[in-house]
Amino acid sequence: MAVLGGIRMKKPYFENVPNSLSYYEATANRSSKRKSLQASQEADVCIVGAGYTGISAALFLAEKGYKPIILEAVSVGWGASGRNGGHLVNFIGSHQKAMQFFGHKRADYIGRFAKKGVSIVRQLTKKYKINCGLVSKNICVAYDAKQMEGLKQEYQLMQKYDIESQLLDREELKEHLGTNLYCGGLLDVNAGHLHPLNLVLGEAAALEKLGGVIYENSPVVSINTKDNMPLVKTNKGEIRCKKLLLCGNGYLNIVPKLGYRILSLPTHMVATEPLGKKLAKQILPSNACVSDERYILDYYRLSQDYRLLFGGGVTYGVKTPKDIEAKLRPNIENIFSQLKGVKIDYTWSGNIGISFSRFPQIGKVDENTYFAQGYSGDGIGASHVFGEILSEAVTGYTKNFLFFSKLPWLPFPGGRKLRAVYSILGSWWYTLRDFIRI
Ligand SMILES: Cc1cc2nc3c(=O)[nH]c(=O)nc-3n(C[C@H](O)[C@H](O)[C@H](O)COP(=O)(O)OP(=O)(O)OC[C@H]3O[C@@H](n4cnc5c(N)ncnc54)[C@H](O)[C@@H]3O)c2cc1C
């Protein structure tokens, strides 16, 4: 392992992500493959990682006349951005936790961004005519009165930040859900769900039209950030740039300084066979996406072709279970008895970057090298907010960047090496808390 300019370099490796075809890949609006980096180049801005963070930062910069170059280890959206549940939610991280961790004054500043992620995604899909099946309505459901109390507090916050929402009792929930399992819920009218891979592919196409360049199959193997102009190398080429943005999140493992900040953990999803419109309307009549209030939660929604896309239950543990279907099927059948024995057509996994506080992180590794990561499972909207803040910092407007980069964070001592231990302890702790409902 070499050390260049203070950053240790390892070969990137992408463990725990078996190459099973996801439902999203099978239905992607993917055009031709992009070239890999084969030469030495210079750039104003180089970005590592073609997920929402990297692509949105690049897109905002390209709109201002920059010509950013993105290096992606595999392909656009190969990471969490092309594998997630597709639930587009308001708030960046839990606002209630932000109040505990950062105090009310800073939580109020964060509150200004509560609606921003959803709004950015809506604007981009409209402006660039991105076909990603975006529909409205998100519901968070409660199993008991204690969880409902939490939702009531969240509802107050939504009122404060002008987010159109409605508390639902058991009866009202029937308009949206074909199960009696929950005692109530909180409907967020303007949040919603979408095809996550088609969103990032559409954003990538928009970026390229504006002159941005994306190299696929170009894993970055070394980074020297110490010089005034960072140097980024792949096995076949290199880019020297004025500004470098590290947007590899839960997959980036070549920058140890970032390794202590977040844990990268695999989570899993399945897609059922098409259920047909009638059955689909029975289980999710209003086509809302749904997640529950537990720590180890279930989240689900319908696809455009009336499949149930279901994730959860097994969020913790660093090894991908051999049989994802066996892990998730009981949860599906527990919620919807109508789906007993339903055929599962696709199973897949993806890495999320979790921070200790569950709040995203942004900052600098060196003078001209920036990063954003750690959306902790709620990243579709938040990654676009942080992508925009990264782009602002590059152009010299640093107000938001300075605010968020100064927020305190707690390290995971031992970093990546101890992630299995953290993961197992986390799994036990949160399962226990869900079980005894504290
Ligand atoms: C199964 C699952 C379900 C989820 N569900 C939801 C949900 O419903 N709603 C929600 O809001 N959020 C959800 N999330 C979280 C959300 O998907 C992420 O927070 C978000 O996609 C992060 O985007 P990103 O661009 O920061 O990272 P990623 O999308 O992970 O992109 C990082 C990219 O960097 C590349 N990379 C890494 N290292 C290198 C290197 N050395 N060289 C070149 N490239 C490199 C990777 O290949 C990858 O493509 C979910 C995540 C998962 C895994």
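How many helices and strands are there in the protein? With the whole chain of this predicted model displayed, one finds 14 helices and 19 strands. Of the 438 residues in the protein, 49% are buried. Among contacts with a separation of 6 or more, 77% join residues 24 or more positions apart.

Next, colour the chain by pLDDT. The mean is 90, and 87% of the residues reach 70 or more. Then select residues 1-17, where pLDDT stays under 50. For residues 1-17 the model has 43 contacts beyond four places in sequence.

The tour now moves to the ligand. Select the 44 residues around the ligand; those that come nearest are Gly49, Gly51, Gly79, Gly85 and Gly379. To place this shell in the fold, highlight helix H2 (52-63), strand E13 (262-272), strand E17 (344-355) and helix H12 (379-395), each of which supplies at least two of the shell's residues. Colouring the shell by class gives 21 nonpolar, 20 polar and 3 charged residues.

The last stop is Lys233. Select strand E11 (residues 231-233), in which Lys233 lies. Is this lysine, Lys233, buried or partly exposed? Lys233 has 19 other C-beta atoms within 10 Å, and a buried residue needs 20 or more, so Lys233 counts as partly exposed. Show its partners as well: leaving aside residues up to four places away in sequence, Lys233 touches Val220, Val221, Ser222 and Glu238. Finally, draw a distance between the C-alpha atoms of Lys233 and Ala39: the two residues are 194 residues apart along the chain, and these atoms are separated by 10.0 Å.

Note on methods: Residues are numbered from 1 along each chain as its sequence is written. This is a predicted model: local features need pLDDT of at least 70, side-chain atom pairs count only at pLDDT 80 or more; totals for chains, interfaces and linings use all residues. A residue is near a molecule or strand if its C-beta atom, placed from the backbone, lies within 6 Å of it. Helices (H or I, at least four residues) and strands (E, at least two) are DSSP runs, numbered from the N terminus. Ala, Val, Leu, Ile, Met, Phe, Trp, Tyr, Cys and Pro count as nonpolar, Asp, Glu, Lys and Arg as charged, and the others, Gly among them, as polar. pLDDT is the predictor's confidence in each residue, from 0 to 100. Two residues are in contact if their C-beta atoms, placed from the backbone, lie within 7 Å. A residue is buried if 20 or more other C-beta atoms lie within 10 Å of its own, exposed if 12 or fewer, and partly exposed in between; C-beta atoms are placed from the backbone.
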